[in-house]
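Q: I have a model open and want to learn how to read its metal sites and a small sheet. Can you take me through them?

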Amino acid sequence: MIQLKSARELETMAAGGRILAATHQHIKPALQPGTSTLEIDAMVESYIRSHPGATPSFKGLYGFPGSACISLNEEIVHGIPSAKRILKDGDLITVDIGVYYGGFHTDSAWTYAVGKVSPEAARLMEVTEASLWAAIRETKLGNHVGDLGAACEAVVNKAGFSVVRDLVGHGVGAQMHEEPQVPNHGKPKRGPRLQVGMTIAIEPMVNAGGPATKTLADKWTIVTLDGSLSAHFEHTVAVTAEGPRVLTTLG
Ligand code: MG
Ligand code: MG
């Protein structure tokens with residue numbers, strides 16, 4: 001069942017989303033060669049907890065050990081923070097963060113460049129972010145969930161990259177993962193109809209090579225099967241009568 005949120009609940013989620021957006025801003029300067037992904041995770045956790053009532057959603061979720069999922073290069077999602085993973089010049093790093101605040105979760109991931117990345121990596125980041133905004137623009141009344149995926153996929157296909165199909169976006173609220181599923185591919189006018197008060201995490205994951213994935217032996221990290229680079233951009237977005245409202249933003 002899709003859980004619709006009241007106007008008041010949306011304001012609570014927006015307050016949590018502001019903390020989340022500020023967390024991304026807080027860690028950005030630390031994403032430099034020589035920093036470990038465990039150090040970044042510690043920064044995420046302490047910064048979130050410095051806001052009274054806020055906790056990192058991912059810590060312990062399904063048994064995940066970190067406060068953030070931190071994935072490098074060919075890793076798509078669910079990378080485990082580690083003291084042994086040291087950032088180096090040219091890496092792509094995806095930091096996926098959830099904040100639990102006032103009884104609600106928000107969810108936002110961003111891919112960043114460490115130092116100077118290859119032209120292909122830079123283009124992959126640009127295209128993936130553009131595909132997120134294309135889907136957000138379709139998050140309006142009269143549309144269905146399939147309109148979001150179709151818009152996202154069109155941007156990615158035009159660029160010659162691949163949308164990951166094994167992983168999808170999701171409803172988000174009192175639970176981190178709620179209905180409906182929000183695929184990053186699809187057909188217009190298919191899937192659940194958008195309604196006022198729906199809150200969804202839209203999160204295109206885009207591979208420079210093929211769309212296939214595999215899970216590593218740690219049972220968490222999901223990587224591209226062909227070893228190509230992957231990027232991931234995610235916002236939590238509310239459907240309102242006035243159009244899409246991005247909740248995971250400073251504004
Ligand atoms: Mg996320
Ligand atoms: Mg998500």
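Q: How far apart are the magnesium ion (ligand 2) and the magnesium ion (ligand 1), and which residue coordinates both?
A: Look for a side chain that serves two metals. This is a predicted model. In it, the two magnesium ions are 3.2 Å apart, and Asp-107 coordinates both.

Q: Which residues are the protein donors of the magnesium ion (ligand 2)?
A: Start from the metal and list the atoms that reach it. Here they are Asp-107 (OD), His-170 (NE2), Glu-203 (OE) and Glu-234 (OE). They lie 2.0 to 2.2 Å from the ion. Along the sequence, the spacing reads D-x62-H-x32-E-x30-E. The site links distant parts of the chain: His-170 sits in strand E7 (residues 169–171), while Glu-234 is in the loop between E13 and E14, 64 residues apart.

Q: And which residues coordinate the magnesium ion (ligand 1)?
A: Read it the same way. Asp-96 (OD) is listed twice, joined by Asp-107 (OD) and Glu-234 (OE). The distances run from 2.0 to 2.6 Å. The donor residues follow the spacing D-x10-D-x126-E. Again, distant parts of the chain are linked: Asp-107 belongs to strand E5 (residues 104–113), and Glu-234 to the loop between strand E13 (230–232) and strand E14 (235–240), 127 residues apart.

Q: What angles would I expect around a metal?
A: The ideal is 109.5 degrees for four tetrahedral donors, and 90 or 180 degrees for six octahedral ones. Water is not among the atoms here, so a site may look incomplete.

Q: Are the donors His-170 and Glu-234 buried or exposed?
A: Compare relative accessibility with the cut-off; buried means under 20%. His-170 has 5%, so it counts as buried. Glu-234 has a relative accessible area of 0% and is buried. Asp-107 is buried too.

Q: Now the sheet. In what order do the three strands run?
A: Go from strand to neighbouring strand. The order is E3-E12-E11, the sheet is open, and the pairing is antiparallel.

Q: Which strands stand at the edges?
A: Count partners. Strand E3 (75–77) and strand E11 (213–215) each have a single partner strand, so one side of each is left without a neighbour in the sheet. Neighbouring strands of this sheet are turned by 40° against each other on average, direction ignored.

Q: How many bridges join E3 and strand E12?
A: Check the residue pairs. E3 and strand E12 (residues 222–224) pair in the antiparallel sense over two bridges. To locate a bridge, find Val-77: its partner in E12 is Ile-222.

Notes. Residues are numbered from 1 along each chain as its sequence is written. Chains are lettered from A and ligands numbered from 1 in the order in which they are written. This is a predicted model: local features need pLDDT of at least 70, side-chain atom pairs count only at pLDDT 80 or more; totals for chains, interfaces and linings use all residues. Side-chain values use heavy atoms; hydrogens and water are left out. Donors are N, O and S atoms within 2.8 Å of the metal (3.2 Å for Na, K and Ca); water is not among the atoms, so sites may look incomplete. Helices (H or I, at least four residues) and strands (E, at least two) are DSSP runs, numbered from the N terminus. Buried means under 20% relative accessible area, exposed over 50%, partly exposed in between (1.4 Å probe, protein chains only). Two strands pair if DSSP finds at least two bridges between them. Axes are lines fitted to C-alpha atoms, for helices over the stretch in contact, and angles run from 0 to 180 degrees between N-to-C directions.
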